[in-house]
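I opened this entry to record what I looked up in the chain, going from the strand pairing to the overall fold and then to the pocket. Each item below is kept to what the coordinates give.

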Amino acid sequence: MDENKKETLNKKWNAIVLKALKNDSFKDSLVNDPINVMVQNGLTIPDGCKVGETSGGIAGLQLPSNASDEVKEEVKWWRWRLEMTFDFGKEEKKGDD
């Protein structure tokens, strides 16, 4: 992935994380609907990808059959962040017990 694009994605992601740390309502929204919250806060779904959920219940993106290497790299970036929000949600639920 182009370094400028990666840097832009990381800056937007960092802003989302900081907002979640300061605002419990926003954090809950991020955990419960990560893709929509991420999009509402400046990130865009890679071209041709479809939003879905993995068998493990993690929000995910489905690659188009003709995905370029650039799109594949961007989806990897998204998957890692979506797994983070899923894990963060599990930690939040443990704390509620």
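Before turning to the hairpin, I note the criterion that I rely on: two strands count as paired if DSSP finds at least two bridges between them. I also keep in mind that this is a predicted model.

**Entry 1, the hairpin.** I looked up the strand pairing and found that β1, residues 50–53, runs antiparallel to β2, residues 59–62, with 4 bridges joining the two strands. Going through the partners, I noted that K50 is bridged to Q62 in β2, and that V51 has L61 of β2 opposite it. I then checked the connection, where 5 residues lie between the strands of the hairpin and G57 adopts a positive phi near 85 degrees.

**Entry 2, the fold as a whole.** I listed the secondary structure next and counted 4 helices and 2 strands in the chain, which appear along the sequence in the order α-α-α-β-β-α. The radius of gyration came out at 14 Å, close to the 13 Å that the globule rule gives for 97 residues, so the chain is as compact as a globular protein of that length. For the extents, I recorded that the C-alpha trace spans about 45 × 30 × 15 Å along its principal axes.

**Entry 3, burial and contacts.** I asked what share of the 97 residues counts as buried. The value is 30%, where buried stands for under 20% relative accessible area. Among contacts with a separation of 6 or more, I found that 54% are between residues 24 or more positions apart.

**Entry 4, the largest pocket.** I looked up its volume and obtained about 200 Å³ for the largest pocket. The lining of this pocket has 13 residues, and those closest to the centre are V31, N32, P34, G57 and F86. I noted that α2 (24–32) and α4 (69–96) are the elements that give two or more residues to this lining.

Which element supplies the largest share of the lining? I found that α4 does, with 6 residues. Sorting the lining by class, I recorded 6 nonpolar, 4 polar and 3 charged residues. I close by cross-referencing G57, which has the positive phi in the hairpin of β1 and β2 and is also listed among the residues closest to the centre of the largest pocket.

Note on methods:
Residues are numbered from 1 along each chain as its sequence is written. This is a predicted model: local features need pLDDT of at least 70, side-chain atom pairs count only at pLDDT 80 or more; totals for chains, interfaces and linings use all residues. Side-chain values use heavy atoms; hydrogens and water are left out. On a 1 Å grid over the protein atoms alone, a cavity is a set of points where a 1.4 Å probe fits but cannot get out, and a pocket is an open set with protein on both sides within 12 Å along at least five of seven lines; lining residues have an atom within 4 Å of a point. Grid points are joined across faces, edges and corners, and a volume is the space filled by probe spheres set on the points. Ala, Val, Leu, Ile, Met, Phe, Trp, Tyr, Cys and Pro count as nonpolar, Asp, Glu, Lys and Arg as charged, and the others, Gly among them, as polar. The radius of gyration is taken over C-alpha atoms; the globule rule is 2.2 Å times the number of residues to the power 0.38. Buried means under 20% relative accessible area, exposed over 50%, partly exposed in between (1.4 Å probe, protein chains only). Contact means heavy atoms within 4.5 Å.
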